[in-house]
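Please work through the exercises below with the sequence and the coordinates at hand, trying each task before reading its solution.

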Amino acid sequence: MKKSLLAVITATVLAVNAVPLSAGAFSAVPAENYQALAEETKFEAENFFVAVGTYSGATQLRYFAHKADGGYTVDKVVWEDAPADISYGDVFIADGEVSMTKVMAAPNDPVYAMAYYYQLDESAKLDKAGNCENFMEQRELTVTSKTYDGSAHWSIRYKDSEGIEYYYGLSTFASTLTVNPLDCEVGDVYTYALYNDYMIVPLAKKEAESDVNKEPEYRIVSLPDKVEYKVGEQIDLKGIEIEVTMDKKEPVVYTYPDVAFDYQSNIPRAPRVVLSSDFRSDKTGTYKVEIVGADNVSFEVMVVDNDTPTTTTANNTTTTTTKISTGTTVTSTYATDAKGRILDSEGNVLIVDGTSAVMSQPANTTTTTRAIIDYAVKVEYDKSPMKTGEKREVKFYNPETKTAKNGKVNTSSDCISIDYEEGKDTFTVTALKEGKAEIYVTAAGCAFGAYVYIEVSSAEQTETETSYKLKVTVLDAYDDYIFVRPDMNSQVYNFSNKFAVPTNSVDIGASPAAGMVLEVTYTKNYFLTTYPARFSDIKNVALISSKPDIFKGDTNCDCQVDMSDAVLIMQALANPDKYGENGKDPYHHLTALGRLNGDNDGDGLTVGDALAIQRKLLGLSENEQSAKALIGKTYVYEKSGSFTITFDEHGRFACHEKDILSYMTEGTWELNGDTVKLAYPVDESTEKAVYLKLKDSDLVYIGEKSDNFTSVKVQDGEKFTDTKIRNKVDWYDDYMISLKKDTDWSKNNKNLSAVIKDTDGLKSYLEQFCNEKAMSFYLDKYDDSFFKDNVLFMKWIFQGSGSAGPAYMVNVTMQPDNGLCMFVMYNGLLNGDSMASVCLAQVTVPKGIYDDNKEYNWNWVGYNVML
């Protein structure tokens, strides 16, 4: 469940082209008056700019715009004509109304596609109010995390001395920052300027002190009450005390159960200090108990024969030879307490190498001992009782090699049977009848084996156990496990938001899939503290609903939609190895359900889905979604199939009024409310506009406002209807890498176009041009369900040089005699560096329109097109 930050500046994307700024409380003042003026007015400007560095040589500002809820939106602003004497941290306010234009910094770069800034218009006038170092509060904040969000955007989180959390977001694309907060590690301390408790800019990084502890320090204060055991007895940690010192904080002493072994997953809560040991209760000897994560902090316990008398001497003086540090043997006289711990001259427990020095030899003897490390086999299994007929897997291995080479499994118990294949590190136990079983396992390289103890209960006894039921939603489904999210209203969700369920325990009559809702019945109300967490015992898994439980926009599957969902999409696209569906980050990677939730429009997870979430959060979704619904569509005039209008994703349209090229019109389009405006140039100084009303699936001509079309004169109220034809053009500037390297694109190859009716035909066509990765993309996009209702037209276009951008669009006309004509046009609206590129034009035609008996022609309009 997400925690709200107490002090946070939300960095959101403004989806408007011009942002008006109102003048604040200051005008420009001399530097010597900054402090006096600040004290008098307390800096009451709502909107202001702060200088932070440069962007490609120009001055870069952070713009703070006050929101109604008391927070701020923060954006990156570039000031081309800024004065030369600007200093880091200078604060500016607008003199009158100022406009800024949003600029996508690298729209065609798949990594930085969402990087943007706002360009301050030439007419803007900003007055310097002073420097934030002079009139803003300064506070020391400690870095708690640093995360890359994609598109050169970073998120850094901090805490102050009172534990209040802060968030600082910034884009580093083409930026040079005077004080760069990214030069940090967790634990670093920065001095920040704050305004009304909101972070403005970092002022300086505090130099690290030499005595700062980056890792916790551990010290054994007191050993367990019992350090010597008879054969068959288990270690008892009662009485143990371990002191933990975190970075610059007061030490804290923990006792059992906050101090526990790594295998004790059924204790009331996760331990704060984890212990590890090779202890064996069935064999005499001395065993080391170590603190996990600490260097050389450990103590020893002993297992003795049952016939060996146990004696303890309290605070006596004895002479012994004992090993108190690595490689050092000392003979001396010590006083000991009741636990056998050596005391110093003042009666305090003697600590050596972080460990209590313990008398391990009988009094009044002189013995020199050498420590020898002997490995015992490590076993992992569910220790809860089995019921008759149940099967359970046991894993065993050498803790050093992590293998079970030359492994042996032996038992004389008749209440179980064992299925083991020599060489493997697992075996299967089948419960045959009620009773207790003992299994002994060995492995190469281990001086000691290990025992596995199994208790078998009758099925009748097991049925009387208390059962617990939990509704879960499938996040991911794999061969061995499915990952599920517990019902958010359950107490289990507070324990962990993700559980692993073995696939062999799921018998629902269908393959588990993302979004399915299941009911897990379990009998033990405690869980294994792994991540994902695990149930201690699963009795049954039932299907509640096979229909995917989709929550649009909830990419991270926490049952709410916020900016973190958009961030996860960008992370998954920019760094799939870490954040994709099979990403290496176990806590934050995309799940299969998250992919379904994040796909807002059904065309796969894209940058557009992240933008759609942001627009929704900004309250712009309704109009934006309506505009998106027009992209790729072709509308036909109700009186002529030759007269069509097509809209593309870059705000351009193409219109053919007749079946000859001289009646082709192209320009730009925009949607305001339910009205579509088509704007097209007549000459260099004249522009005409046509207005259409979006009504259901039609566009209705508005005669009163429109200049009408060039050739065909449309009457007020006449309609253009959706043809159901869809088009898309994919652009490859790195086609030598993305596609097939040995294709000669520059030749006029008749195989460059095709009419495709099924997936086999699509595969045969793509094999001529695409590598496996590119083929997989289109085969996933156009699968069997697509070809059930549609026919696909495809055409490759090679551009030897020209615009560095997706400069092609497709318009389709329906000729009465010649069938469909597809006009692929080069549009000069997007300009850039000259480079070779390849485009793939795709036109989807419903089978109800397609006619095998008619011709289908590709026509080309424009320039710099090589066929």
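The exercises that follow concern a predicted model, and each task is followed by a worked solution.

**Exercise 1.** Determine where K433 and D414 lie, and explain why their salt bridge ties together separate parts of the sequence.

*Solution.* Begin with the contact itself: the side chains of K433 and D414 meet in a salt bridge, with an N to O distance of 3.3 Å. Next, place the two partners: K433 sits in the loop between β32 (426–431) and β33 (435–442), whereas D414 belongs to the loop between β30 (408–411) and β31 (416–419), so the pair ties together parts that are 19 residues apart in sequence. Finally, consider the accessibility of each partner: K433 has a relative accessibility of 41% and therefore counts as partly exposed, while D414, at 53%, is exposed, because the cut-off for exposed is over 50%.

**Exercise 2.** Locate E581 and R595 in the chain and classify each as buried, partly exposed or exposed.

*Solution.* The two side chains form a salt bridge at 2.5 Å, N to O. This pair links distant parts of the chain, since E581 is in the loop between α6 (576–579) and α7 (592–598) and R595 is in helix α7, 14 residues apart. The relative accessible area of E581 is 26%, which makes E581 partly exposed, and R595, with 34%, is likewise partly exposed.

**Exercise 3.** Are R392 and E390 buried or exposed?

*Solution.* First establish the link: R392 forms a salt bridge with E390, and the closest N and O atoms are 2.9 Å apart. Then turn to the accessibility, which shows that R392 and E390 are both buried. As for the wider setting, the structure holds 23 salt bridges, and E137, R139, D160 and D197 are linked in a network of such bridges.

**Exercise 4.** Describe the surroundings of Q119 and of H656.

*Solution.* Q119 is part of strand β6 (residues 116–120), and its relative accessibility of 17% means that Q119 counts as buried, because the cut-off for buried is under 20%. When neighbours within four places in sequence are left aside, Q119 is in contact with V78, E80, S99, M100, T101 and V103. H656 lies in strand β44 (residues 652–656) and is buried, with a relative accessible area of 0%; its C-alpha atom is separated by 5.3 Å from that of F643, although H656 and F643 are 13 residues apart along the chain.

**Exercise 5.** Which residues form a negative surface patch together with D758?

*Solution.* The patch is formed by D758, D760, D780, D783 and D784. D758 itself lies in the loop between β50 (753–756) and α11 (759–766), and counts as partly exposed at 39% relative accessibility.

Note on methods. Residues are numbered from 1 along each chain as its sequence is written. This is a predicted model: local features need pLDDT of at least 70, side-chain atom pairs count only at pLDDT 80 or more; totals for chains, interfaces and linings use all residues. Side-chain values use heavy atoms; hydrogens and water are left out. Patches are made of residues with over 30% relative accessible area and no salt bridge: like charges are joined within 9 Å, nonpolar side chains (Val, Leu, Ile, Met, Phe, Trp, Tyr) within 5 Å. Accessible areas come from the Shrake-Rupley method with a 1.4 Å probe; for residues, only the protein chains shown count as cover. A salt bridge is a side-chain nitrogen of Lys or Arg within 4 Å of a carboxyl oxygen of Asp or Glu. Lys and Arg count as positive and Asp and Glu as negative; His and the chain ends are not counted. The place of a charge is taken as NZ of Lys, CZ of Arg, CG of Asp or CD of Glu. Helices (H or I, at least four residues) and strands (E, at least two) are DSSP runs, numbered from the N terminus. Buried means under 20% relative accessible area, exposed over 50%, partly exposed in between (1.4 Å probe, protein chains only). Contact means heavy atoms within 4.5 Å.
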